[in-house]
Amino acid sequence: MSDLTLRGGVGSRLDSEIEVKRSRFLCRIVRTETEDGAHAAVEEARSEHWKARHHCSAFVLGPGGAPDQVRRSNDDGEPSGTAGRPMLEALAGRGFVDCVAVVTRYFGGTLLGAGGLVRAYSEAVLTTIDSAHSRGLVVGRDRRELFTLALSHADAGRIEAELRQRGVLVLGTDYGREAVLRLADDDPERLAAVVAGVTAGSAELESVGHEWVDVPA
């Protein structure tokens, strides 16, 4: 399964809500790349919903399969294993990385039991992920080789458009004496051929390393 996350970069966020036996479960997923960012998202939810008793959380940071990937969860006062862990399993099971899920619970007066809590907290996260997919707010995360392509300002706009039409991932453009496109690709030979075609061989790619980038899901 490919790694997925929220579209829009660090700080992008999506909220949803479910109700189970009159208890409200408010879930938000926030994109982050650091544990500090994850903890800040939890505290923001706690401050916003200060009347609620529980603000359970789970986060996954780093690419799937990486030895240094970080996974954490917190039940925040719910019975052990009934909130944070099922939330973490929901994120990981759907391949979501570089994000934190926070579920705030407003108690509705009816005890749900351990099994009911597990299902509710998991469903809250899965509902938010499904909403992200249905709204086109999900992107993939992939390690790609990075390149720069220096062009004249007069040609940059046209060539960028032609590259995008041919499926080249353009990360952005830096403007100085020349316009320098930043490109990412997993097939350098194909990219070189595309660039040669759209520039009539007048511009040359420069490799500048590797990076994890957003790609179409």
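1. Helix 4, in this predicted model, covers residues 153-165 and so has 13 residues. From its first C-alpha to its last the helix reaches 19 Å, which is close to the 18 Å expected at 1.5 Å a residue. Just beyond the helix, the chain goes on to G167, a residue whose phi is positive, near 85 degrees.

2. Which residues of helix 4 are buried? They are A156, I159, E160 and L163, and you may wish to find these four names on the structure before reading on. These buried residues pack against three strands, namely strand 7 (138-151), strand 8 (169-175) and strand 9 (179-185), and also against helix 5 (188-199).

3. Turning to charged side chains, the count of salt bridges in the model comes to 20. One of them joins D15 and R28, where the closest N and O atoms are 3.2 Å apart. Because D15 lies in strand 2 (residues 13-20) while R28 lies in strand 3 (residues 23-31), this pair ties together parts that are 13 residues apart in sequence.

4. Are the two partners of that bridge buried or partly exposed? D15 has 36% relative accessibility and therefore counts as partly exposed, whereas R28, at 4% relative accessibility, counts as buried. The reasoning rests on a cut-off, since buried means under 20% relative accessible area and exposed means over 50%, with partly exposed in between.

5. A salt bridge is also formed by the side chains of D142 and R144, with a distance of 3.0 Å from N to O. Here D142 is partly exposed, its relative accessible area being 27%, while R144 counts as buried at 14% relative accessibility.

6. A further salt bridge links D185 with R190, and the closest N and O atoms of this pair are 2.8 Å apart. In this case the acidic partner, D185, is buried, with a relative accessible area of 3%, and R190 is partly exposed, with a relative accessible area of 32%.

7. Salt bridges can also be followed from one residue to the next, for those that share partners join R13, D15, R28, E44 and E48 into one network. A student who has located the bridge between D15 and R28 can therefore place both of its residues within this network, alongside R13, E44 and E48.

Methods. Residues numbered from 1 in each chain as written. Predicted model: local features only at pLDDT ≥ 70, side-chain atom pairs only at ≥ 80, totals over all residues. Heavy atoms only, no water. Helix = DSSP H or I, 4+ residues; strand = E, 2+ residues; numbered from the N terminus. Expected span 1.5 Å × (residues − 1). Buried < 20%, exposed > 50% of the residue type's maximum accessible area, 1.4 Å probe, protein only. Contact = heavy atoms within 4.5 Å. Salt bridge = Lys/Arg side-chain N within 4 Å of Asp/Glu carboxyl O.
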